[in-house]
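The exercises below are meant to be worked through with the sequence and the 3D view side by side. Try each task before reading its solution.

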Amino acid sequence: MTEQRRTNRTWPVVGHDWAVEILARSVVSGRVSHAYLFSGPPQIGKTTLARAFAQAINCTGAEPPCGVCRSCHRIASGIHPDVRIVQAEGSSIKINQIRELQREAALSPVEGRRRVYIIRQIELATTEAANCLLKTLEEPSARVILILTTSDRDALLPTIVSRCQILTLHPLPIEQVQEVLVERGVDEEQARLLARLSTGRLGWAISAASDPAPLRQRQQRLDEMTALAGQGRVERFAYAARLSRNPDTVRQTLDLWLSWWRDLLLLTSGSAVEITNLDRQAELENAARCYSLDQVYNTIVALRRAVWQLEHNANPRLLLENLMLHWPSAQSA
Ligand SMILES: [Zn+2]
């Protein structure tokens, strides 16, 4: 594993070795495509990889990306005039952002070899912006490289996807995330927990290590969920109403609940696989004595169905209420 990680040691990227290999080879051989799509779950390292690629393309050192030349430095600090990150302003990427990109892309690079535009979360582009971008993709310039990132490839226009070289990134092994956290000074136990909760998304793990807010919110959501078992319909419906007031967090909450119930399934079925929510092990072991395997299984199915409905634009409050109606009650141990 350690040996393997040393491939392309100069790339400031953890994991995704195969992708680094492909990109490094394209730089060395001078056969860089004009457009890429880096696809994969949020906070998995797509932008980090894109930035490293931009460094490799514009590096003036012997072994690109050297990390020490002026170009590598400026790209790492986000101040290189030829490397730009474009992302949603408010909730979407707007057409004026793409037009501005096109105006600038028509000019020669200021100091690098090529202009590189990293457009994050391209799924957030409005239809007008996406159609406008299509023009740039259809008439590529030798001096411009577009790197689009997305965590929702299915939401993109097929005409955009078909014009890009696609690299699909996968979560890193949990042990690798844990190792990186420990290297960065996170204590062992916390690193083990964060690595598990990250499900292999290194960016998430690193930000959760320094910002306690997401973990605090996770605890709160799990506490609220475990309290549901002892609540009547009125309280549960009131909770569904409160939770659905912020639709953005509903998906996250359902995923979190699913991870808890999956852990419970592991415990009730006597599996040897390690659970994810390590810090709630005692609570889960207790719950394993209060729910039948059927109840656990049915709850997982109901949660999955709710996630599916949410993805298909169902009303969050209605689907939460439906979930609450069938929420299992714990039997005393
Ligand atoms: Zn360099």
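**Exercise 1.** At roughly what angle do the axes of helix H8 and helix H10 cross?

*Solution.* Before starting, note that this is a predicted model, in which local features need pLDDT of at least 70 and side-chain atom pairs count only at pLDDT 80 or more, while totals for chains, interfaces and linings use all residues. Residues are numbered from 1 along each chain as its sequence is written.

Begin by locating H8 at residues 174-183 and H10 at residues 202-210; helices are DSSP runs of H or I with at least four residues, strands are runs of E with at least two, and both are numbered from the N terminus. The two axes come within 10 Å and cross at roughly 35°, where an axis is a line fitted to C-alpha atoms, for helices over the stretch in contact, and angles run from 0 to 180 degrees between N-to-C directions.

Next, look at the residues that meet: Val177, Val180 and Leu181 from H8 face Leu202, Ala205 and Ala209 from H10, a contact being a pair of C-beta atoms, placed from the backbone, within 7 Å. Sorted by class, this contact of H8 with H10 holds six nonpolar residues, no polar and no charged ones, with Ala, Val, Leu, Ile, Met, Phe, Trp, Tyr, Cys and Pro counted as nonpolar, Asp, Glu, Lys and Arg as charged, and the others, Gly among them, as polar.

**Exercise 2.** Is histidine 16 buried or exposed?

*Solution.* First find histidine 16 in the loop between helix H1 (2-5) and helix H2 (17-29), where its phi is positive, about 50°, although it is not a glycine. Then count neighbours: histidine 16 is buried because it has 25 C-beta neighbours inside 10 Å, the cut-offs being 20 or more other C-beta atoms within 10 Å for buried, 12 or fewer for exposed, and partly exposed in between, with C-beta atoms placed from the backbone.

Glutamine 43, in the loop between strand S1 (35-39) and H3, also has a positive phi, near 55°, but its 18 C-beta neighbours inside 10 Å make it count as partly exposed.

**Exercise 3.** Which kind of peptide bond joins proline 64 and proline 65?

*Solution.* Go to the loop between helix H3 (46-58) and helix H4 (70-76), which holds proline 65. Reading omega there gives about -5°, and the bond between proline 64 and proline 65 is cis.

Notes: Two residues are in contact if their C-beta atoms, placed from the backbone, lie within 7 Å.
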